Amino acid sequence: MTKRNTKPLADFLPYQLSITANAVSNLIAREYESRFGLKIFEWRIMAVLGDVGQATQSALVDFTLMDKVAVNRACKVLADRQLIERRPHGSDRRSHQLQLTSAGNELHDEIMPLAVEIEKRLLGEVTAEELEMLTTTLLRLRDASKELIDAN
């Protein structure tokens, strides 16, 4: 048997990024689902709308890099729970502006301190310099990924 000219999966950066993101998402999802009945995709939509105020589903796909179907499902659940509302988009009748309802804003404001606390616990052993370097590196990797996608 010949040895393939590849590196072990554990040393493959995309794999490490993926499993790390999944581990962090699972930690957060467990808290949000048990306390608030929200799945992680639903919370991501709420978090973005909490930041930007209102957005179309298409914009939410761009902001979150989630699949269109996942965004659509999460928005439907949130609308059914009356945590977001849909309003017709002025110039595009096929599109809607989405925003948090007052109940959505209240839930968002309740969850944010928990999100900050989870982040604080997660980063407990990470120095400020390491966090700055990690953040800068992740942004550079995301930008490089976008450039490679756009080039194809």
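**Helix packing, sheet and pockets in a predicted model**

Student: In this predicted model, helix 2 and helix 4 (residues 68-80) pack with their axes 9 Å apart, at an angle of about 80°. How is the orientation of helix 2 and helix 4 to each other described?

Tutor: Two packed helices are described by the angle between their axes and the distance between the axes. Angles of 65 to 115 degrees count as roughly perpendicular. The angle here is about 80°. Helix 2 and helix 4 are therefore roughly perpendicular.

Student: Which residues of helix 4 meet helix 2?

Tutor: By class, this contact has nine nonpolar residues, one charged residue and no polar residues. From helix 2, the participants are Phe-41, Glu-42, Ile-45 and Met-46. Their counterparts in helix 4 are Ala-70, Val-71, Ala-74, Cys-75, Val-77 and Leu-78.

Student: At what angle do helix 2 and helix 5 pack?

Tutor: The axes of helix 2 and helix 5 lie 10 Å apart. The angle between them falls within the range of 65 to 115 degrees that counts as roughly perpendicular, which makes helix 2 roughly perpendicular to helix 5. The value is about 100°.

Student: How many nonpolar residues does the contact of helix 2 with helix 5 have?

Tutor: Helix 2 contributes Trp-43, Met-46, Ala-47 and Gly-50, while helix 5 contributes Gly-104, Leu-107, His-108, Ile-111 and Met-112. Gly counts as polar in this classification. The contact holds no charged residues and three polar ones, and its nonpolar residues number six.

Student: Which strands stand at the edges of the sheet?

Tutor: The chain has six helices and three strands, and its elements run α-α-β-α-α-β-β-α-α from the N terminus on. The open sheet has the strand order 1-3-2, with antiparallel pairing. An edge strand has a single partner strand, so one side of it is left without a neighbour in the sheet. The edge strands are strand 1 (54-55) and strand 2 (84-88).

Student: Which residue of strand 3 stands opposite Gln-54?

Tutor: Strand 1 and strand 3 run antiparallel and are joined by two bridges. Opposite Gln-54, in strand 3, stands Gln-99.

Student: Which helix lies across strand 2 and strand 3?

Tutor: The helix in question runs at about 105° to strand 2. It also packs against helix 2, with the axes 9 Å apart. The name is helix 4.

Student: Which element gives the most to the lining of the largest pocket?

Tutor: The largest pocket has a volume of about 2100 Å³. Its lining comprises 43 residues, with Ala-21, Val-24, Arg-44, Leu-138 and Arg-142 nearest the centre. The elements that give two or more residues are helix 1 (13-36), helix 2 (40-52), helix 3 (57-64), helix 5 (102-122) and helix 6 (128-151). With 14 residues, the leading contributor is helix 6.

Student: How many charged residues does the lining of the largest pocket have?

Tutor: The lining is divided by class into nonpolar, polar and charged residues. Nonpolar residues number 25 and polar residues ten. The charged residues number eight.

Student: Which element supplies the largest share of the lining of the second largest pocket?

Tutor: About 150 Å³ of space lies in this pocket, and its lining includes Gln-57, Ser-58, Val-61, Arg-86 and His-96. By class, the lining residues are two nonpolar, five polar and three charged. Helix 3 and strand 3 (96-100) each give two or more residues to the lining. The largest share, three residues, comes from helix 3.

Methods:
Residues numbered from 1 in each chain as written. Predicted model: local features only at pLDDT ≥ 70, side-chain atom pairs only at ≥ 80, totals over all residues. Heavy atoms only, no water. 1 Å grid on protein atoms, 1.4 Å probe; cavity = no way out; pocket = protein on both sides within 12 Å on 5 of 7 lines; lining within 4 Å. Points joined across faces, edges and corners; volume = space filled by probe spheres on them. Helix = DSSP H or I, 4+ residues; strand = E, 2+ residues; numbered from the N terminus. Axes fitted to C-alpha atoms, helices over the stretch in contact; angles between N-to-C directions. Parallel < 35°, antiparallel > 145°, perpendicular 65-115°, else oblique. Contact = heavy atoms within 4.5 Å. Pairing = 2+ DSSP bridges.
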